[in-house]
Amino acid sequence: MSKTPFYSIFKLATGKPPNEYLRHLRIMYACELLLGTDLSLYEISCECGFTDQTDLGRVFKQIWGISPKLSLIHI
């Protein structure tokens with residue numbers, strides 16, 4: 001299957017394109033690690049497939065509207 005039909009079918013099934021869906025999965029996993037571990041942001045970003053903690057923070061803020069550090073304060 002080529003890229004275009006795959007993207008169309010994936011978006012119909014999930015409501016999101018594959019790259020956005022994957023980003024949300026990574027952020028949800030990062031949230032679990034933020035709440036349930038003592039890992040640093042750098043370790044969490046590596047564990048979740050982000051290039052570094054800046055990348056994690058950028059995507060986290062796009063989705064939740066706050067930085068990962070601030071999310072821990074509001075819990």
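Asp 55 is buried, with a relative accessible area of 15%. In this predicted model, the side chain of Asp 55 meets that of Arg 58 in a salt bridge, and the structure holds one such bridge. The aromatic side chains form three pairs, and ring pairs join Phe 6, Tyr 7, Phe 10 and Tyr 21 into a cluster. The points below take up helix 4, the aromatic residues, the surface patch and helix 2.

**The salt bridge in helix 4**

- Side chains of opposite charge can pair when their charged atoms come close.
- Between Asp 55 and Arg 58, the distance from N to O is 2.5 Å.
- Both residues belong to helix 4, which covers residues 53–64; because they are three residues apart there, about one helical turn separates them.
- The two partners differ in exposure: Asp 55 counts as buried because its relative accessible area of 15% falls under the 20% limit, whereas Arg 58 is partly exposed at 45%.

**Helix 4 and its ends**

- Helix 4 has 12 residues, which should span 16 Å at 1.5 Å a residue; the C-alpha atoms at its ends are 16 Å apart, in agreement with that value.
- The buried residues of helix 4 are Asp 55, Leu 56, Gly 57, Val 59 and Phe 60.
- At the N-terminal end, Asp 52 acts as a cap on helix 4, with a side-chain oxygen 3.1 Å from the backbone nitrogen of Thr 54.
- Thr 54 is itself part of helix 4, and its relative accessibility of 59% makes it exposed, because that value is over 50%.
- A separation of 9.2 Å lies between the C-alpha atoms of Thr 54 and Leu 41, which are 13 residues apart along the chain.
- Gly 65, just after helix 4, has a positive phi of about 85°.

**Aromatic pairs**

- Of the three aromatic pairs in the structure, one is formed by Phe 6 and Tyr 7; this pair is edge-to-face, at 6.2 Å centre to centre and with 70° between the planes.
- Phe 6 also pairs with Phe 10, in a tilted arrangement with 5.7 Å from centre to centre and 45° between the planes.
- The 45° angle of the Phe 6 and Phe 10 pair counts as tilted because it is neither under 30 degrees nor over 60.
- Phe 6 and Phe 10 are both in helix 1, where a spacing of four residues places them about one turn of the helix apart.
- Phe 6 is partly exposed, with a relative accessible area of 37%, and Tyr 7 is likewise partly exposed, at 33%.
- Tyr 21 is one of the residues that ring pairs link into the cluster, together with Phe 6, Tyr 7 and Phe 10.

**Nonpolar surface patch**

- A nonpolar patch on the surface is made up of Met 1, Phe 6, Tyr 7 and Ile 9, whose accessible area together is about 440 Å².
- Met 1 is found in the segment before helix 1, which runs over residues 3–14.
- The relative accessible area of Met 1 is 77%, and this residue is exposed.
- Phe 6 and Tyr 7 thus belong to the patch and also form an aromatic pair with each other.

**Helix 2**

- Helix 2 comprises 19 residues, 18–36, and reaches 27 Å from its first C-alpha to its last, close to the 27 Å expected at 1.5 Å a residue.
- Buried positions in helix 2 are Pro 18, Ile 27, Ala 30, Cys 31, Leu 33 and Leu 34.

Conventions
Residues numbered from 1 in each chain as written. Predicted model: local features only at pLDDT ≥ 70, side-chain atom pairs only at ≥ 80, totals over all residues. Heavy atoms only, no water. Helix = DSSP H or I, 4+ residues; strand = E, 2+ residues; numbered from the N terminus. Expected span 1.5 Å × (residues − 1). Buried < 20%, exposed > 50% of the residue type's maximum accessible area, 1.4 Å probe, protein only. Patch = residues over 30% accessible without salt bridge, like charges linked within 9 Å, V, L, I, M, F, W, Y side chains within 5 Å. Areas by Shrake-Rupley, 256 points an atom, 1.4 Å probe, with all protein chains shown as cover. Salt bridge = Lys/Arg side-chain N within 4 Å of Asp/Glu carboxyl O. Phe/Tyr/Trp six-rings, centres within 6.5 Å; stacked < 30°, edge-to-face > 60°. Polar contact = N/O pair within 3.5 Å; in protein donor to acceptor, adjacent residues only side chain to side chain.
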